[in-house]
Amino acid sequence: PLMLSGILQLLFNAVDIIVVGRFTGRQALAAVGSTTALINMFVNLFIGISLGANVLAARFFAAKKEREMSETVHTAIAFALVSGIGMAFIGVAFARTALELMGTPDDVIQLSALYMRLYFCGMPFFMLYNYGAAILRAIGDTKRPLLFLVIAGVANVALNLLLVIVFHLGVAGVAIGTIISQMISSILVLRCLCKA
């Protein structure tokens, strides 16, 4: 389940590429495709960082230290929210600069920057899901985080198709679809943590 979760998160961007490539055109395909390396780097980085919460939570859970466990959960979620908001601001401010440094072609950089800025607006939800899922995995629950990601993945595909085909939003549509689907996964994982 842990490996599948990582793969599914990387597939969010791949689904965006497929939908815009099929229904919007080559320029939109190139714009979203040019962001893949950068997005994959951030996805893998933050999945890795969230493992720190997993290690601490697992240690306190195994030792039956409820107070320390509670503090770890609250600290991890607060850190996820603050760092997600921080990343959203950094992403919006520096998306174009990062894409220019990567040598993104001039004819697609405007659309690429739009996609990146919108994608980074979903970072708080992405971070909340990853930290919440890490805590659930620490207590031995690997199936529900994967299930929540599958639900979000299905929602992502449906929203992408709706926003691109019906509302003709193109690159912005797939980015908005991804943000909403990440919000769904974060709400599901937080709801699960509140009940635990």
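1. Buried here means under 20% relative accessible area, and exposed means over 50%, with partly exposed in between. Please keep in mind that this is a predicted model. With that cut-off in hand, a good place to start is N130, which sits in helix α6. The relative accessible area of N130 is 2%, so this residue counts as buried.

2. What does the side chain of N130 reach at 2.9 Å? The partner is the backbone oxygen of F126. There is also a polar contact of 3.4 Å between the side chains of N130 and Q9. If you set aside the neighbours within four places in sequence, the residues in contact with N130 are Q9, I47 and S50. For a quick look on screen, you could centre on N130 in α6 and then pick out Q9 as a side-chain partner.

3. Now to the largest nonpolar core, which has 52 residues. Which of its residues touch the most other members? They are Y115, M123 and I135. Each of the following helices supplies at least two residues of this core: α1 (2-23), α2 (26-33), α3 (36-62), α4 (66-101), α5 (109-121), α6 (123-138), α7 (143-166) and α8 (170-195). The largest share, 10 residues, is the contribution of α6.

4. I135 deserves a paragraph of its own, being among the core residues that touch the most other members. Neighbours within four places in sequence aside, I135 is in contact with A57, M69, V73, A76, I77 and L193. You can read these contacts against the helix ranges: α3 covers 36-62, α4 covers 66-101 and α8 covers 170-195.

5. Another residue to look at is L149, found in helix α7. Is L149 buried or exposed? At a relative accessible area of 1%, L149 is buried. Not counting residues up to four places away in sequence, L149 touches S5, L8, Q9, F12 and Y129. Q9 therefore appears in two of the neighbourhoods described in this note, being in contact with the buried N130 and touched by L149. Between L149 and I187 there are 11 Å in space, C-alpha to C-alpha, and 38 residues in sequence.

6. Not every nonpolar side chain is tucked away. A nonpolar patch on the surface is formed by F23, V157, L161, L162, I165, V166, F167 and L169, and together these residues have about 650 Å² of accessible area. Which helix gives the most to this patch? That is α7, with five residues. One residue of the patch, V166, has its place in α7.

7. On to charged pairs: how many salt bridges does a search of the whole structure find? The count is four. In one of them, the side chains of E100 and R96 meet at 3.2 Å, N to O. These two residues are four apart in helix α4, which means that about one helical turn separates E100 and R96. Both are partly exposed, E100 with a relative accessible area of 44% and R96 at 28%. Elsewhere, R67, E68 and E71 are joined into one network by salt bridges that share partners.

8. Here is that network in detail. The side chains of R67 and E71 meet in a salt bridge of 2.8 Å, N to O. E71 and R67 are four residues apart in helix α4, so they too are separated by about one helical turn. R67 also forms a salt bridge with E68, and there the closest N and O atoms are 3.7 Å apart. R67 itself is exposed, with a relative accessible area of 54%. E71, at 41%, counts as partly exposed, and so does E68, at 23%.

9. Finally, two loop residues to check when you go over the backbone. K64 is found in the loop between α3 and α4, and its phi is near 55 degrees, a positive value in a residue other than glycine. With a relative accessible area of 71%, K64 is exposed. H168 lies in the loop between α7 and α8, and phi of H168 is likewise positive, near 55 degrees, in a residue other than glycine. H168 counts as exposed, at 64% relative accessibility.

Methods: Residues numbered from 1 in each chain as written. Predicted model: local features only at pLDDT ≥ 70, side-chain atom pairs only at ≥ 80, totals over all residues. Heavy atoms only, no water. Core = buried A, V, L, I, M, F, W, Y, C linked by side-chain atoms within 4.5 Å. Buried < 20%, exposed > 50% of the residue type's maximum accessible area, 1.4 Å probe, protein only. Contact = heavy atoms within 4.5 Å. Patch = residues over 30% accessible without salt bridge, like charges linked within 9 Å, V, L, I, M, F, W, Y side chains within 5 Å. Areas by Shrake-Rupley, 256 points an atom, 1.4 Å probe, with all protein chains shown as cover. Polar contact = N/O pair within 3.5 Å; in protein donor to acceptor, adjacent residues only side chain to side chain.
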